[in-house]
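Here is a quick tour of a single-chain model for someone who would rather look at atoms than read a database entry. Keep the viewer open while you read.

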Amino acid sequence: MSDWMLALSGPVAQRGPLLAALDRAGVDVEQEHGPRGLETDPTTGWITCRHPDVDAVATHAGNAGWSLRAHWPTPTCLACNGTTSRELPCLNCAGTGRTEQLPKRG
């Protein structure tokens, strides 16, 4: 199964309803990410999320007046190299084996 990172943008006023729809659909939202270096204005919001079905996320975005701006394969977790233990899931990727998040240095 594929695993994708997706960048969405759209009107800030519709961010809340879109986040609720994505949550109901089981989409993993990475809210801490901004527009990833793309130009923006205060009325445009950005959401970066992770999901195996690009088309499903694009449909949810479109229903809220948002657009899919980019998507790319989610990299293998750098902390566990994509292999996690059932007893102790990786704290970096929450046991999924894939994330853009870099391991925290301690």
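## Cysteines without a bond

Searching the whole structure turns up zero disulfides. Bear in mind that this is a predicted model. So what keeps cysteine 77 from being bonded to cysteine 90? The sulfur of cysteine 90 is the closest cysteine sulfur to that of cysteine 77, but the two are 3.8 Å apart, which is too far for a bond, given that a disulfide needs the sulfur atoms within 2.5 Å. Cysteine 77 itself is buried, with a relative accessible area of 1%. Cysteine 49 is buried too, at 0% relative accessibility.

## How far to trust it

The mean pLDDT of the protein chain is 86, and 88% of its residues reach 70 or more. Looking at the elements, helix H2 (residues 54-63) has the highest mean pLDDT, 97, while strand S2 (residues 28-30) has the lowest, 87. As a rule of thumb, where pLDDT is low, the predicted coordinates should not be read in detail.

## The overall layout

The protein chain has two helices and four strands, and from the N terminus on they run β-α-β-β-α-β. Of its 106 residues, 31% count as buried. The accessible surface adds up to about 6600 Å², and carbon and sulfur atoms own 53% of that. If you take the contacts with a separation of 6 or more, 63% of them come from residues 24 or more positions apart.

## Strand S1 and its partners

Which strands pair with S1? Here they are, each with one example of facing residues.

| Partner of S1 | Sense | Bridges | Example pair |
|---|---|---|---|
| S3 (residues 44-51) | antiparallel | eight bridges | alanine 7 and threonine 48 |
| S4 (residues 67-73) | antiparallel | six bridges | serine 9 and serine 67 |

So S1 has S3 as one antiparallel partner and S4 as another. Is S1 itself, then, largely enclosed or largely open? Six of the eight residues of S1 (residues 4-11) are buried, so this strand is largely enclosed by the rest of the structure.

## Helix H1, two-faced

Now click through helix H1 (residues 15-24). Its buried residues include Leu18, Leu19, Ala21 and Leu22. These four cover an arc of only 160 degrees around the axis, which puts them on the same side of H1. The general background is that an α-helix has 3.6 residues a turn, so residues three or four places apart point the same way. Asp23 and Arg24 sit on the other side of H1 and are exposed.

What covers the buried residues of H1? The cover includes the strands S1, S2 and S3, along with helix H2.

Two glycines are worth a click here as well. Glycine 16 lies in H1 and counts as partly exposed, because its relative accessibility is 43%. From glycine 16 to alanine 64 is 48 residues in sequence, yet their C-alpha atoms are 9.6 Å apart in space. The other one, glycine 26, comes just after H1 and takes a positive phi of about 80 degrees.

Methods: Residues are numbered from 1 along each chain as its sequence is written. This is a predicted model: local features need pLDDT of at least 70, side-chain atom pairs count only at pLDDT 80 or more; totals for chains, interfaces and linings use all residues. Side-chain values use heavy atoms; hydrogens and water are left out. Buried means under 20% relative accessible area, exposed over 50%, partly exposed in between (1.4 Å probe, protein chains only). Two strands pair if DSSP finds at least two bridges between them. pLDDT is the predictor's confidence in each residue, from 0 to 100. The arc is that of the directions from the helix axis to the C-beta atoms. Contact means heavy atoms within 4.5 Å. Accessible areas come from the Shrake-Rupley method with a 1.4 Å probe; for residues, only the protein chains shown count as cover.
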